[in-house]
Amino acid sequence: MKFIIQQEGLPDQSSVYEVIARAFEREDESRLVNRMRQSNAFVPELSLVAMYEQKIVGHILFSKIIIHNQLRITPSLALAPLAVEPDFQRQGVGSLLVREGLKRSRELGFTSVVVLGHEHYYPRFEFIPTTKWGIRPPFQVPAEVFMAVELVKDSLSGIQGTVRYPDDFFE
Ligand SMILES: CC(C)(COP(=O)(O)OP(=O)(O)OC[C@H]1O[C@@H](n2cnc3c(N)ncnc32)[C@H](O)[C@@H]1OP(=O)(O)O)[C@@H](O)C(=O)NCCC(=O)NCCS
């Protein structure tokens, strides 16, 4: 099937809300995206939709975060959420969204991305647990589900610290 990945437009927002709600079977993640669009952490170029014959079948969002310790603040991105319309899952749409999102993130000058997600899904995009670098989430989760990928080689070398999400992330 032919899927096209493109930046979300204003008229796409209600379809994006519905697709995310159907994928997660609840509306928390749809509301998160609505909040993030109003946030300073929002990067419009990194709110992407997957289209199939003029219909939105998937969405991915990357938002600005920081990794901080007592000495330094390192800008990064968080991938969240990723959603594919249930009828279109397991056809490569999620992978297209992740790969295109990582490519565009790199082109925009971002150097790393963190994700809280399935430990069997994200390693195929070279995400690895952040314990490798000593980067911690701001909440308690199993180590294997909190992952990061370097968009620029060694960009996370020596970057120990805690990830800080924008307040808008949390309801
Ligand atoms: C997870 C999700 C985005 C994957 O999208 P997709 O378009 O189905 O993914 P792709 O077709 O690119 O890849 C399919 C692979 O993902 C794997 N996968 C799908 N859902 C998974 C899950 N919940 N946990 C682990 N792996 C999963 C499948 O095993 C499949 O692997 P295979 O091809 O080796 O069998 C989609 O299933 C979805 O929207 N799920 C509900 C919302 C959600 O959980 N989002 C992710 C938050 S981290």
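This passage describes the annotated domain, the largest pocket and a set of salt bridges in a predicted model.

It is convenient to start with the annotation. An unreviewed UniProt entry places the feature "domain: N-acetyltransferase" at residues 3–152. Over this stretch, strand accounts for 37% of the chain and helix for 24%. The C-alpha atoms at the two ends of residues 3–152 lie 27 Å apart.

Attention then turns to the largest pocket, whose volume comes to about 1,000 Å³. Its lining is made up of 34 residues. Nearest the centre of the pocket are Phe24, Leu82, Ala83, His118 and Tyr122. Several elements of secondary structure take part, each with at least two lining residues: the helices H1 (13–24), H2 (28–36) and H3 (93–107), together with the strands S4 (73–84) and S5 (112–116). The greatest contribution comes from S4, which provides seven residues. In chemical terms, the lining comprises 20 nonpolar residues, alongside seven polar and seven charged ones.

Salt bridges come next. Across the whole structure, seven are found, and three of them are described here, beginning with a pair in helix H2. In this pair, the side chains of Arg31 and Asp28 form a salt bridge with an N to O distance of 3.9 Å. Both residues belong to H2 and are three residues apart, which corresponds to about one turn of the helix. Arg31 has a relative accessibility of 32% and therefore counts as partly exposed. The value for Asp28 is 34%, so this residue is likewise classed as partly exposed.

Helix H3 offers a second example. Here Glu107 and Lys103 are joined through their side chains, at 3.5 Å from N to O. The two residues are separated by about one helical turn, because they stand four residues apart in H3. Glu107 counts as exposed because its relative accessibility is 56%, above the 50% cut-off for that class. Lys103, at 38% relative accessibility, counts as partly exposed.

The third pair consists of Asp154 and Lys153, whose side chains meet in a salt bridge of 3.5 Å, again taken from N to O. With a relative accessible area of 43%, Asp154 is partly exposed. Lys153 reaches 69% and is therefore exposed.

Taken together, the model shows a pocket lined by 34 residues, to which S4 gives the most, and seven salt bridges in the whole structure, including one within H2 and one within H3.

Key:
Residues numbered from 1 in each chain as written. Predicted model: local features only at pLDDT ≥ 70, side-chain atom pairs only at ≥ 80, totals over all residues. Heavy atoms only, no water. UniProt positions renumbered as here; feature names shortened; annotations may be inferred. 1 Å grid on protein atoms, 1.4 Å probe; cavity = no way out; pocket = protein on both sides within 12 Å on 5 of 7 lines; lining within 4 Å. Points joined across faces, edges and corners; volume = space filled by probe spheres on them. Nonpolar A, V, L, I, M, F, W, Y, C, P; charged D, E, K, R; others polar. Salt bridge = Lys/Arg side-chain N within 4 Å of Asp/Glu carboxyl O. Buried < 20%, exposed > 50% of the residue type's maximum accessible area, 1.4 Å probe, protein only.
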